[in-house]
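Work through the exercises below with the sequence and the 3D view open. Try each task before reading its solution.

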Amino acid sequence: MAGNFAVRTINLLINDSIIPMSLVEQITTDMIAAQKAGQAPKLAALRYLRAGLLARAKDLLQDPLEDTEAQTVIQKEIKKHRDSITAYTAGQRPELAAVEQAELDFISVYLPPSLTEVEINDIIQNVITAQNLTSPYDFGRLMGPVMKEIGPRADGNLVKALIQKKIAT
């Protein structure tokens, strides 16, 4: 899925200068294209995502929404879809899990590639060194700065597990 991130490289050519599209603009453009192509499942997923982005922009009184904030909203939507897939699978509803998986695939292309465990461990080690943290009780003091640096580029549960593993040793 990391290869699909190229979707964001569409640019606007205005007065002989290239202006990159924001993430919200790209999602809107893709939503219109899906509507014209008659791709109902993709259109539904993008409409739902765009509604979440517009609601967040309204909450922040920020128009247009910055890409970093948009990525955070997209990450939350992806987490909701993953939780739904888990619940539907546990409830033996594979058809609903498949719908959620398709929507997840449609919206996950708007995030940059996730960090690898090695990259996350490097960030954790840098924060530990910078803040001189040694005790296993320093988890709370470590998690905040690490998540601030990582942002939406990694799942919070993975980061939590790696931090717990790191401070346990």
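**Exercise 1. The span of a helix**

How far apart should the ends of the 24 residues of α3 be at 1.5 Å a residue, and what is the distance between its end C-alpha atoms?

Solution. This is a predicted model, in which local features need pLDDT of at least 70, side-chain atom pairs count only at pLDDT 80 or more, and totals for chains, interfaces and linings use all residues. Residues are numbered from 1 along each chain as its sequence is written, and side-chain values use heavy atoms, with hydrogens and water left out.

Step 1. Helices are DSSP runs of H or I with at least four residues, strands are runs of E with at least two, and both are numbered from the N terminus. Helix α3 covers residues 67-90.

Step 2. The expected span is 1.5 Å times one less than the number of residues. For the 24 residues of α3 this gives 34 Å, and the end C-alpha atoms are 34 Å apart, so the two agree.

Step 3. Repeat the check on α1: its 15 residues should span 21 Å, and its end C-alpha atoms are 21 Å apart, which agrees as well.

**Exercise 2. The overall layout**

State the order of the elements from the N terminus on.

Solution. Step 1. Count the elements: the protein has seven helices and two strands.

Step 2. Their order is β-β-α-α-α-α-α-α-α.

Step 3. Look at burial, where buried means under 20% relative accessible area, exposed over 50%, and partly exposed in between (1.4 Å probe, protein chains only). Buried residues make up 33% of the 169 residues.

Step 4. Look at contacts, meaning heavy atoms within 4.5 Å. Of the contacts with a separation of 6 or more, 52% are between residues 24 or more positions apart.

**Exercise 3. Buried residues of two helices**

Which residues of α3 are buried, and what covers them?

Solution. Step 1. The buried residues of α3 are E69, A70, Q71, V73, I74, Q75, E77, I78, H81 and I85.

Step 2. Their cover includes α1 (23-37), α2 (40-60) and α4 (94-108).

Step 3. A general point helps in reading such a list: an α-helix has 3.6 residues a turn, so residues three or four places apart point the same way.

Step 4. Turn to α1, where L23, V24, Q26, I27, T28, D30, M31 and A34 are buried. These residues pack against α2 and α3.

**Exercise 4. Three residues of α3**

Are E77, Q75 and A87 buried, exposed or partly exposed?

Solution. Step 1. E77 has a relative accessible area of 6%, so E77 is buried. Leaving aside neighbours within four places in sequence, E77 is in contact with Y48, L49 and I107. E77 and L49 are 28 residues apart in sequence, and their C-alpha atoms are 7.3 Å apart.

Step 2. Q75 is buried because its relative accessible area is 17%. Not counting residues up to four places away in sequence, Q75 touches R82, L111, P152 and D155. The C-alpha atoms of Q75 and D155 are separated by 8.3 Å, with their positions 80 residues apart along the chain.

Step 3. A87 has a relative accessible area of 48%, so A87 is partly exposed. Its C-alpha atom is 8.2 Å from that of A97, 10 residues apart along the chain.

**Exercise 5. Positive phi**

Which residue in the loop between α2 and α3 has a positive phi although it is not a glycine?

Solution. Step 1. Recall that most residues other than glycine have a negative phi.

Step 2. The residue is L61, with a phi of about 55 degrees, placed in the loop between α2 and α3. L61 counts as exposed because its relative accessibility is 79%.

Step 3. Q92, in the loop between α3 and α4, also has a positive phi, near 55 degrees. With a relative accessible area of 68%, Q92 is exposed.

Step 4. Compare a glycine: just after α1, G38 takes a positive phi of about 75 degrees.
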